[in-house]
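Please open the model in a viewer and keep the selection panel at hand. The tour below proceeds stop by stop, from the whole chain to single residues.

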Amino acid sequence: MQGTALWHVTLTAPPPDLNEAALKDGLAKTFSKTNQLLATWDQTSVLSQFNRYQGTDWFPVEPALAQLVDLTLKISKQSEGAYDVTVGPLIRLWGFGSHESEKAQIPTQTDIDTALARVGYQKLQVRFDPPSIRKSQADVQVELASVADGFAADQAGLYLESLGIRDYMVEIAGEVRARGLSPRGDAWRIAIEKPQEEGRAIQQGISLQDAGLATSGDYRNFFVKEGKRYSHTVNPVSGAPVTHNLASVSVLADDATQADAYATLLMALGEEKGKTFADNYNIHAYFIWRVHDGFKVYATKGMQSLLKK
């Protein structure tokens, strides 16, 4: 989660004694704590400290971070490395870590091979008692940007629930956690954006209740060199940006963190392998990919019943 990420929270029936200023302050502190755990752009964050650590001993972390690393490791293994929590060196090599397209570059194969030598989820371990993570190779780094916004939305939701709030929607940079009922008294209605580079438009509406929704796409963060488009989604196996036609994929899961991770994974796989993976693992997903005259879409069976007509 970037420190400047936009967020908003909607409460259906706020408690009568709720102090709005105190609520905003509590949410701000929750987001700040998330950044203090995950933000690799902040050199003081726990993850930055772990990435700089050159040892291979257990590194103490908070339980929430241990659980998050465990989730991303499980998905890395499930995907056979198509999603890899240690992909950071490749992302930075291709110039995407800065979110500044003018820094994007085409690295040499030698540079790619050097970065690939530092990538591999198998080189990372997690334990819960006491909560710690460790790497078997000292220069391995963990990159959790793929789940940071979803995790932040979930943490904000848990904070609201600690106040006794049960009907709410939290949205951070497009990743959503919804619980209970909307102000209309039914499921929350969330829009999936059309993956176009200019302007904003709705592609599809979806009903969301007691679930998380996240979207991964290539239409906001990419660069073009010599007429070729390079997506910010990097294949951890080849070491290069993906080259398929998938423009975006939205995933519904029990919480926003899982949805965020699986959306990144399916985006890495592309429209064909992604659809097969989603169907095989019963992931609720909505795919949008480019064709010569526009876009085509595909919704998995579990997602179809949630789409708004």
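## The whole chain

The accessible surface of the protein is about 14,700 Å², and carbon and sulfur atoms account for 50% of it. The model is a predicted one. Colour the chain by secondary structure: eight helices and 15 strands should appear. The protein has 309 residues, of which 52% count as buried. Among contacts between residues at least 6 apart in sequence, 63% join residues at least 24 apart.

## First stop: helices H3 and H7

Select residues 63–78, which form helix H3, together with residues 256–280, which form helix H7. The two pack at an angle of about 10 degrees, and their axes are 10 Å apart. H3 is therefore roughly parallel to H7, since angles under 35 degrees fall into that class.

Next, show the side chains at the contact. On H3, select Leu68, Leu71, Ile75 and Gln78. On H7, the contact residues are Thr257, Gln258, Ala261, Tyr262, Leu265 and Phe277. By class, seven residues of this contact are nonpolar, three are polar and none is charged.

## Second stop: the sheet S2-S4-S3

Keep H3 displayed and add strands S3 and S4, across which H3 lies, running at about 135 degrees to S3. These strands belong to an open sheet of three, in the order S2-S4-S3, with antiparallel pairing. Which strands stand at the edges? They are S2 (59–60) and S3 (124–128), each of which has a single partner strand, so one side of each lacks a neighbour in the sheet.

Now select S4 (residues 131–135), which is joined to S3 by five bridges in an antiparallel arrangement. Within this pair, Val126 stands opposite Ile133 in S4. Then move to the loop between S3 and S4, where Pro130 is found. The peptide bond from Asp129 to Pro130 is cis, with omega near -5 degrees.

## Third stop: the loop after H3

Select Glu80, in the loop between H3 and helix H4 (88–93). Glu80 is not a glycine, yet its phi is positive, at about 55 degrees. Is this residue buried or exposed? Its relative accessibility is 70%, so Glu80 counts as exposed, the cut-off for that class being over 50%.

## Fourth stop: strand S5 and its partners

Select residues 168–172, strand S5. Five of its five residues are buried, so S5 is largely enclosed by the rest of the structure. Both faces are covered: Tyr168, Val170 and Ile172 are buried on one side, and Met169 and Glu171 are buried on the other.

Add the two partner strands in turn. Strand S1 (residues 7–11) runs antiparallel to S5 and is joined to it by five bridges. Strand S6 (residues 175–179) also pairs with S5 in the antiparallel sense, over five bridges. Met169 is a convenient residue to centre on: Thr10 stands opposite Met169 in S5, and Met169 stands opposite Ala178 in S6.

Finish at the turn. S5 and S6 form a hairpin with two residues between them. Select Ala173, in the loop between these strands. Its phi is near 50 degrees, a positive value in a residue other than glycine. At 43% relative accessibility, Ala173 counts as partly exposed, whereas the five residues of S5 are buried.

Key:
Residues are numbered from 1 along each chain as its sequence is written. This is a predicted model: local features need pLDDT of at least 70, side-chain atom pairs count only at pLDDT 80 or more; totals for chains, interfaces and linings use all residues. Side-chain values use heavy atoms; hydrogens and water are left out. Helices (H or I, at least four residues) and strands (E, at least two) are DSSP runs, numbered from the N terminus. Buried means under 20% relative accessible area, exposed over 50%, partly exposed in between (1.4 Å probe, protein chains only). Contact means heavy atoms within 4.5 Å. Accessible areas come from the Shrake-Rupley method with a 1.4 Å probe; for residues, only the protein chains shown count as cover. Axes are lines fitted to C-alpha atoms, for helices over the stretch in contact, and angles run from 0 to 180 degrees between N-to-C directions. Angles under 35 degrees count as roughly parallel, over 145 as roughly antiparallel, 65 to 115 as roughly perpendicular and the rest as oblique. Ala, Val, Leu, Ile, Met, Phe, Trp, Tyr, Cys and Pro count as nonpolar, Asp, Glu, Lys and Arg as charged, and the others, Gly among them, as polar. Two strands pair if DSSP finds at least two bridges between them.
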